[in-house]
Amino acid sequence: MSKVNWVRPLLLSIILVGLGTFAYWLEYSHKPKQEEQETASKKIFNLNKDTQVASIRIIDQTVDTGKQFAFKCLDLEAKLCKPSDQSKWEITEPLKIKADESNVNSLLSTIYALSSSETIDLGTEKPEKRSTLLKEYKLDSDARKKTGKGPGIRRIEITMAKGETLVAYLGETHPIGETIFALAGQDENRVFLIPTYIKSNFDHDLTYWRDKKLFSISSHQVQSFALDSPKLKVSAKRKDSQWLLKSGQNLKKDEFPGDIENIDNFLSGITYLNAKQFVTENKIDAKAKSTLQGTSRLLSFTLDVSPEKPEKNEEKITLTIYEKKDKTSKKGGTKKDQSNLYVTVSNLDPLYELDSSAKMKFEKTLKELRLSKLITTMERYSIKRIEFLGKSLGTSPLILAQTDAKWQKMPEKLSVDQDKVQGLLDKLSGNRIQEFLEGSAIPTGEQEGLQVFLGDEKSEKKRQLLFWKNGDKFYARDLHSTRKEAFRVDPAIKEALPWSRDFLSPAPPSPAPLLNAKKAT
């Protein structure tokens, strides 16, 4: 019997393990790093997603007057100012003012993602030819050193939080394709071809880059507001997480509930309102007075705002919109009214121009702001007692009370149909009001109606409602309100109300099936 030689298989196994380890390293370690290096080599700015940028400067010397903007990040201490962050910025050139954060953050993201489709290697060229080519690309040293007014080239300067500054020079547009010749710093040996869309950032004026928000608040800070316009005069205040409205010329009528969702959406649209242009930096200077000459006050909107920090006082802010109408000729000899809108804000200095569509944000009707529910969702889940009173029920009321999460008929403590009671409450707390009626517009029939008293743990008659029918329509009135007002409501509520005393009685149980029943012969 021959002796087995294990040396050769062992060596072969070691070689195979070594090859496998090398393949794994090549696939999962070396190759990703190589791809990352290749991607980085295509970028004109050596930025990564964690690089903090302290400032950005864009300079355009292709225009005769020369144009430049500088932006400073205000969130370095908060460890923001990175390409993917929503950081706060200010403009430092040509004015020191608050920047449009969204636009500057977008600029930083664009710069971070800016990469070349290809590069031109000039390192192998002779100095004379390299100089000639750079001049053709408008990237020669004279063009790069040009300062002040044009003609010249464009450049972008990025200063990192650690102090290092990177510069990119943008030259001529490539004759073929949508790319621009560009240099990274003073390295003349390599020319990048980058997308032309980067040029759009140099076309914007100061208005684009500066903050155009008319309010620096959030809608949840608004504690009350008043709108005074030709179509609507209304005031509202927030109380116990609810909105209470007053409407009319004197605003001395009783309060009525507002629709929380609609009002919050309305305020969100207003607080995010942006100006179209800055007419002048001072709303009381000569240019402002000249601009507003011939205008009419369209509306005023006043907000009472709670401070973000407890140590500050509540602030009152008033926005006033002015309208100037012009008749412009159109083809066919017809004329169409066009309006320019201007706005002032009490706590800001400039006079702004607004987009003509902005006034639509304020064109609300009282019906849109009013609560279209007979009871609120919060009230619906706090109700512990329901009382019904009407001719169809006889002389005594029908009373329900909730005990141990179950509704019972009182005082007998009889069971009732739980689904019908819950269905009624769901309908009362749904958006069921279809029309608001006042005075002589209120139809007759109340004396034949059904009164509903809703109570909680503190009051047996916290809400009092009256329902009646007139023709094929169904109506309701809030008996707590002093306003002579009624509502046309969804007829589905009528089907959920107990117009007879046995309506809420539980359905009789289904008969049990007979066991071992004999088959019919």
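The following is a conversation about how certain terms are applied to this predicted model.

Colleague: How many helices and strands are there in the protein chain, and what share of its residues is buried?

Modeller: The protein chain has twelve helices and 27 strands, and of its 521 residues 40% are buried. Of the contacts between residues at least 6 apart in sequence, 58% join residues at least 24 apart.

Colleague: What makes the span of helix H2 close to the expected one?

Modeller: Helix H2, residues 101-113, has 13 residues and reaches 18 Å from its first C-alpha to its last, which is close to the 18 Å expected at 1.5 Å a residue. Among its residues, Asn 103, Val 104, Asn 105, Leu 107, Leu 108, Thr 110 and Ile 111 are buried, and what covers them includes strands E1 (53-60), E2 (67-73), E3 (89-93) and E6 (154-160), together with helices H5 (200-203) and H6 (206-209).

Colleague: Why is Asp 100 called buried?

Modeller: Asp 100 has a relative accessibility of 13%, and buried means under 20%, so Asp 100 counts as buried. Asp 100 is placed in the loop between strand E4 (97-98) and H2, and, leaving aside neighbours within four places in sequence, Asp 100 is in contact with Tyr 208, Trp 209, Arg 210, Asp 211 and Lys 212.

Colleague: What makes Asp 100 a cap of H2, and which side chain does the side chain of Asp 100 join in a polar contact?

Modeller: A side-chain oxygen of Asp 100 lies 3.2 Å from the backbone nitrogen of Ser 102, at the N-terminal end of H2, and a polar contact needs N or O atoms within 3.5 Å. A polar contact of 3.2 Å also joins the side chains of Asp 100 and Lys 212.

Colleague: How do you know that Asn 103 is buried?

Modeller: The relative accessible area of Asn 103 is 15%, and the limit for buried is under 20%, so the term applies to Asn 103. Asn 103 has its place in helix H2, and its side chain reaches the backbone oxygen of Tyr 208 at 2.8 Å. Leaving aside neighbours within four places in sequence, Asn 103 is in contact with Tyr 208, Trp 209 and Lys 212.

Colleague: Why is the pair of Phe 225 and Trp 243 called tilted?

Modeller: The structure holds 13 aromatic pairs. In the pair of Phe 225 and Trp 243, the ring centres are 5.6 Å apart and the planes stand at 55°; since planes under 30 degrees apart count as stacked and those over 60 as edge-to-face, the pair is tilted. Phe 225 lies in strand E10 (residues 222-228) and Trp 243 in strand E12 (residues 242-247), so the pair ties together parts that are 18 residues apart in sequence. Both residues are buried, and Phe 225, Trp 243, Phe 266, Phe 301 and Phe 362 form one aromatic cluster.

Colleague: What makes Lys 43 lie over the face of Tyr 112?

Modeller: Lys 43 is 3.8 Å from the ring centre of Tyr 112, and the distance has to be within 6 Å, with a further limit of 35 degrees from the ring normal. Likewise, the charged end of Arg 144 sits over the ring of Tyr 169, 5.8 Å from its centre.

Colleague: Which residues have the most contacts inside the largest nonpolar core?

Modeller: That core has 36 residues, and those with the most contacts inside it are Leu 214, Phe 225, Phe 301 and Leu 319. Its largest share, five residues, comes from strand E15 (residues 296-305). Apart from this core lies another, of 33 residues, among them Val 53, Cys 81, Leu 166 and Ile 198.

Note on methods. Residues are numbered from 1 along each chain as its sequence is written. This is a predicted model: local features need pLDDT of at least 70, side-chain atom pairs count only at pLDDT 80 or more; totals for chains, interfaces and linings use all residues. Side-chain values use heavy atoms; hydrogens and water are left out. Helices (H or I, at least four residues) and strands (E, at least two) are DSSP runs, numbered from the N terminus. The expected span of a helix is 1.5 Å times one less than its number of residues. Buried means under 20% relative accessible area, exposed over 50%, partly exposed in between (1.4 Å probe, protein chains only). Contact means heavy atoms within 4.5 Å. A polar contact is a pair of N or O atoms within 3.5 Å; within protein, one must be able to donate a hydrogen and the other to accept it, and residues adjacent in sequence count only if both atoms are side-chain atoms. Rings of Phe, Tyr and Trp (its six-membered ring) pair if their centres lie within 6.5 Å; planes under 30 degrees apart count as stacked, over 60 as edge-to-face and the rest as tilted. A nonpolar core is a set of buried Ala, Val, Leu, Ile, Met, Phe, Trp, Tyr and Cys residues joined through side-chain atoms within 4.5 Å.
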